[in-house]
Amino acid sequence: MSYDVLVIGGGYAGLTAALYAARGMCLVAVVLGGPPRNARGQGVHGLISRDGASSADLLTQAREELCRYGVKFFDGQAETVWGTNGDFTAALGSGEEVKARKLILATGVQDQLPERPEGLRELWGKRVHHCAHCYGWEVRDGVLAAYLPGAAYGPEVLSNWFYYRRYGREVLICSDGPVQATDAERARLEEHGITLCQSALMHIEDTGEGARLHFADGSSADVAALYTGSGRTPNTELARQLGCELNEQTGNIKVDPGTNETSVPGVYAAGDVAGGNQVALALASGSRAGMFADFALHEEELPEWAREMQVK
Ligand SMILES: Cc1cc2nc3c(=O)[nH]c(=O)nc-3n(C[C@H](O)[C@H](O)[C@H](O)COP(=O)(O)OP(=O)(O)OC[C@H]3O[C@@H](n4cnc5c(N)ncnc54)[C@H](O)[C@@H]3O)c2cc1C
């Protein structure tokens with residue numbers, strides 16, 4: 001059998017795309033490849049009416065809602081995709097093949113975390129965060145830290161450093177060595193509650209309430225949270241197989257901002273893989289992809305005479 005719409009990726013964007021397409025009377029399938037990006041986060045923040053809800057609860061409820069629409073779920077990774085508009089096939093890790101007329105790629109991104117200091121990866125999402133918008137208000141007025149490898153005083157970093165001060169009463173800027181700055185520059189920042197650490201951050205320990213930072217010179221500091229600038233690699237393997245254009249700078253899948261269709265007709269992309277870095281943005285782009293995949297099917301299904309009249 002062939003589905004109208006196959007969504008690959010069952011995170012926020014994918015499940016929203018599935019909901020919109022299913023509500024558009026499409027026969028929809030979703031490939032659920034694993035946990036969402038924020039699975040280790042402390043709740044989903046910035047989502048009206050569900051602010052702080054657990055990601056597992058939100059996505060479980062979303063899947064339950066989709067069952068009402070007859071959406072079919074496949075567990076596992078989609079490994080290969082091929083085909084053209086109207087006739088796509090995805091091969092899953094299980095060996096199954098799923099066919100659909102439209103494809104929506106909602107495969108998210110991989111966060112690239114620094115390997116050091118020790119404890120950073122283990123405490124990711126719990127004490128170590130990438131985004132103060134996602135987790136900053138919760139630790140407001142606490143002592144906060146940022147770990148930025150190679151950090152040095154300069155005009156390009158100041159706004160970023162001061163940004164953490166919007167949340168914390170004090171901010172420690174840590175690095176993999178002493179943060180480079182003159183004494184005058186350090187003193188000037190300290191007047192604003194920003195301390196540049198003079199020794200490399202070696203180890204982050206969970207204290208139960210926050211994190212204890214251990215430095216190479218033997219000193220330590222307790223903080224409510226630590227931020228690190230994680231790089232992100234969009235999961236674009238399937239998009240490449242289909243020949244979708246990617247943004248050269250960010251690696252995201254390029255989409256038409258009005259429809260979320262990619263450069264390959266019939267293939268849509270939504271969520272972080274197409275740009276954005278927040279659940280609400282993933283919901284928005286997922287809804288657009290689902291809705292425009294449905295509209296495209298509708299247009300294609302019109303009797304030829306009706307289509308011709310419309311064009312005239
Ligand atoms: C620690 C942390 C905390 C965060 N907290 C917040 C927050 O509080 N508020 C907020 O707005 N944002 C937050 N974010 C950002 C948020 O997680 C993302 O913006 C959001 O998950 C993007 O949704 P998405 O659907 O694009 O991707 P995801 O939710 O990551 O979903 C993508 C899905 O696709 C699956 N997949 C990938 N490849 C395949 C494949 N080949 N086959 C099948 N499935 C595949 C993945 O397993 C995953 O389930 C946080 C991020 C992190 C890392």
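**Reading the ligand site and the sheets**

Modeller: Let's start at the ligand: one of its nitrogen atoms sits 3.2 Å from a polar backbone atom of Gly33. Keep in mind that this is a predicted model.

Colleague: Okay, and how do I read a distance like that?

Modeller: Check it against the cut-off: a pair of N or O atoms within 3.5 Å counts as a polar contact. Another pair here links a ligand nitrogen to a polar backbone atom of Ala78, at 2.9 Å.

Colleague: How far is the backbone N or O atom of Gln278 from an oxygen atom of the ligand?

Modeller: That one is 3.1 Å. As for how much of the ligand gets covered, on its own it has 990 Å² of accessible area, and the protein covers 94% of that.

Colleague: Which residues around the ligand come nearest?

Modeller: Gly34, Arg37, His45, Asp272 and Val279, out of 33 residues around it. By character, the shell splits into 16 polar, 14 nonpolar and 3 charged residues.

Colleague: Which helices each supply at least two residues of that shell?

Modeller: Helix H1 (12–23) does, and so does helix H6 (279–301). Step back to the domains, and you'll find that domain 1 (2–111 + 231–311) and domain 2 (114–228) each give the shell at least three residues.

Colleague: Now the sheets. What should I look for?

Modeller: The general idea is that strands of a sheet pair through backbone hydrogen bonds, either parallel or antiparallel. For the parallel case, look at the open sheet of 5 strands here, which reads E8-E15-E9-E10-E11.

Colleague: Why is one side of strand E8 and of strand E11 left without a neighbour in the sheet?

Modeller: Because E8 (128–129) and E11 (194–196) stand at the edges, and each has a single partner strand. You can trace one pairing yourself: E10 (residues 170–174) runs parallel to E11, joined by 3 bridges. Val171, for one, stands opposite Ile194 in E11.

Colleague: And where's the antiparallel case?

Modeller: Go to the open sheet of 3 strands, in the order E12-E13-E14, where the pairing is antiparallel. Its edges are E12 (201–206) and E14 (220–223), each with a single partner strand, so one side of each has no neighbour in the sheet. Neighbouring strands of this sheet are turned by 20 degrees against each other on average, ignoring direction.

Colleague: How many bridges join strand E13 to E14?

Modeller: There are 4, with E13 covering residues 211–215 and the two strands running antiparallel. To see one of the pairs on screen, pick Arg212: its bridge partner in E14 is Asp222.

How values were computed
Residues are numbered from 1 along each chain as its sequence is written. This is a predicted model: local features need pLDDT of at least 70, side-chain atom pairs count only at pLDDT 80 or more; totals for chains, interfaces and linings use all residues. Side-chain values use heavy atoms; hydrogens and water are left out. A residue is near a molecule or strand if one of its heavy atoms lies within 4 Å of it. A polar contact is a pair of N or O atoms within 3.5 Å; within protein, one must be able to donate a hydrogen and the other to accept it, and residues adjacent in sequence count only if both atoms are side-chain atoms. Accessible areas come from the Shrake-Rupley method with a 1.4 Å probe; for residues, only the protein chains shown count as cover. Ala, Val, Leu, Ile, Met, Phe, Trp, Tyr, Cys and Pro count as nonpolar, Asp, Glu, Lys and Arg as charged, and the others, Gly among them, as polar. Domain bounds come from an automatic or database domain assignment. Two strands pair if DSSP finds at least two bridges between them. Axes are lines fitted to C-alpha atoms, for helices over the stretch in contact, and angles run from 0 to 180 degrees between N-to-C directions.
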